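Colleague: I'm in my first year and still learning to read protein models. Could you take me through one part of this one slowly, and then show me how it sits in the rest?

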Amino acid sequence: MSDKEFGGTDDLSLPKATVSKIVTEILQPSPGVAFTKDARDLLIACCVEFITLISFQANEIAENETKKTIATEHIDKALRELGFPEYVQEVLASAGEHKDALKSREKKANKPGQSGLSDAELARQQEELFRCANAKFNQGPAE
């Protein structure tokens, strides 16, 4: 299956630096063994094809269940239906880790609410910071 079968474009790709990092982290460092640019590009094409295949199958499953959103269980079922049941456990574990990371980010994003300061005090501090920044800006470059 190719991107064109799904109405896609040839522009689909993955960041080369990310793929290179994954490859170097997974492969055991062996002296004299290198991963060529052509091999990396082929790996990227395979990854895109795999993602497209799983996405298409998960979309079909969601549509058959009259769902408008592809959920984790659709990915699970798609992997099983396409003959990749050995990936399901690791994919679900990664999905759980991703959810936990998102929760952690949400907590960090709510720091003003956790500061214990009132909105009025936070606004006063913000105004003071703006005043200081404006004063430094208006002073011009340091000589």
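**A close look at Gln57 and its surroundings**

Modeller: Happy to! Let's begin with a pair of side chains: those of Gln57 and Glu81 make a polar contact, at 2.6 Å. Please keep in mind as we go that this is a predicted model.

Where does Gln57 sit? Find helix H2, and you will find Gln57 in it. Is Gln57 buried or exposed? Its relative accessible area is 19%, and the limit for buried is under 20%, so Gln57 counts as buried. Now look at what surrounds this residue. Setting aside residues up to four places away in sequence, Gln57 touches Ala78, Glu81 and Leu82.

Ile54 is another good residue to click on. Which residues is Ile54 in contact with, once its neighbours within four places in sequence are left aside? The answer is Ile75, Ala78, Leu79, Leu82 and Phe84. You have now met Ala78 in both lists: Gln57 touches Ala78, and Ile54 is in contact with Ala78 as well.

That brings us to the nonpolar core. Which residues make up the largest one? There are six of them: Ile54, Ala58, Ile61, Ala78, Leu79 and Val88. Two helices each supply at least two residues of this core, namely helix H2, which covers 37-64, and helix H3, which covers 72-81. The biggest share comes from H2, which gives three residues.

Let's stay with H3 for a moment. Its buried residues are His74, Asp76, Ala78 and Leu79. Of these, Ala78 and Leu79 are among the residues of the core you just saw. After H3 comes Gly83, and its phi is positive, near 90°.

Now go back to H2 and look at some charged residues. Asp41 and Lys37 form a salt bridge, with 3.2 Å between the closest N and O atoms. Both residues belong to helix H2 and are four residues apart, which is about one turn of the helix. How covered are they? Lys37 has a relative accessible area of 51%, so it is exposed. Asp41 has 25% relative accessibility and therefore counts as partly exposed. This pair also has company, as Lys37, Arg40 and Asp41 are linked in a network of salt bridges.

You can find a similar arrangement in other helices. In helix H1, residues 16-26, Lys21 and Glu25 are four residues apart, about one turn of the helix. They form a salt bridge in which the closest N and O atoms are 3.8 Å apart. Lys21 counts as exposed, at 51% relative accessibility, and Glu25 counts as exposed too, at 55%.

Then move along to helix H6, residues 119-139, where Arg124 and Glu121 lie three residues apart, again about one turn of the helix. Their salt bridge has its closest N and O atoms 2.8 Å apart. Arg124 is partly exposed, with a relative accessible area of 45%, and Glu121 is partly exposed at 25%. How many salt bridges are there in the whole structure? A search finds seven.

What about disulfides? A disulfide is a covalent bond between the sulfur atoms of two cysteines. Searching the whole structure turns up zero of them. Take Cys46 as an example: the nearest cysteine sulfur belongs to Cys47 and is 6.9 Å away, and Cys46 is in no disulfide. The cut-off is 2.5 Å between the two sulfur atoms, so that distance does not qualify. Cys46 is partly exposed, at 44% relative accessibility. Another cysteine, Cys132, is partly exposed at 38%.

Finally, let's zoom out to see the whole chain. It holds six helices and zero strands, and along the sequence its pattern reads α-α-α-α-α-α. The chain has 143 residues, and 13% of them count as buried; Gln57, our starting point, is a buried residue. The protein chain exposes about 11,600 Å², with carbon and sulfur atoms supplying 56% of that area. One last number concerns contacts between residues at least 6 apart in sequence: 42% of these join residues at least 24 apart.

If you would like to retrace the route, start at the contact between Gln57 and Glu81, and then step to Ile54 and the other residues of the largest nonpolar core. Enjoy exploring!

Key: Residues are numbered from 1 along each chain as its sequence is written. This is a predicted model: local features need pLDDT of at least 70, side-chain atom pairs count only at pLDDT 80 or more; totals for chains, interfaces and linings use all residues. Side-chain values use heavy atoms; hydrogens and water are left out. Buried means under 20% relative accessible area, exposed over 50%, partly exposed in between (1.4 Å probe, protein chains only). A nonpolar core is a set of buried Ala, Val, Leu, Ile, Met, Phe, Trp, Tyr and Cys residues joined through side-chain atoms within 4.5 Å. Contact means heavy atoms within 4.5 Å. Accessible areas come from the Shrake-Rupley method with a 1.4 Å probe; for residues, only the protein chains shown count as cover. A salt bridge is a side-chain nitrogen of Lys or Arg within 4 Å of a carboxyl oxygen of Asp or Glu. A polar contact is a pair of N or O atoms within 3.5 Å; within protein, one must be able to donate a hydrogen and the other to accept it, and residues adjacent in sequence count only if both atoms are side-chain atoms.
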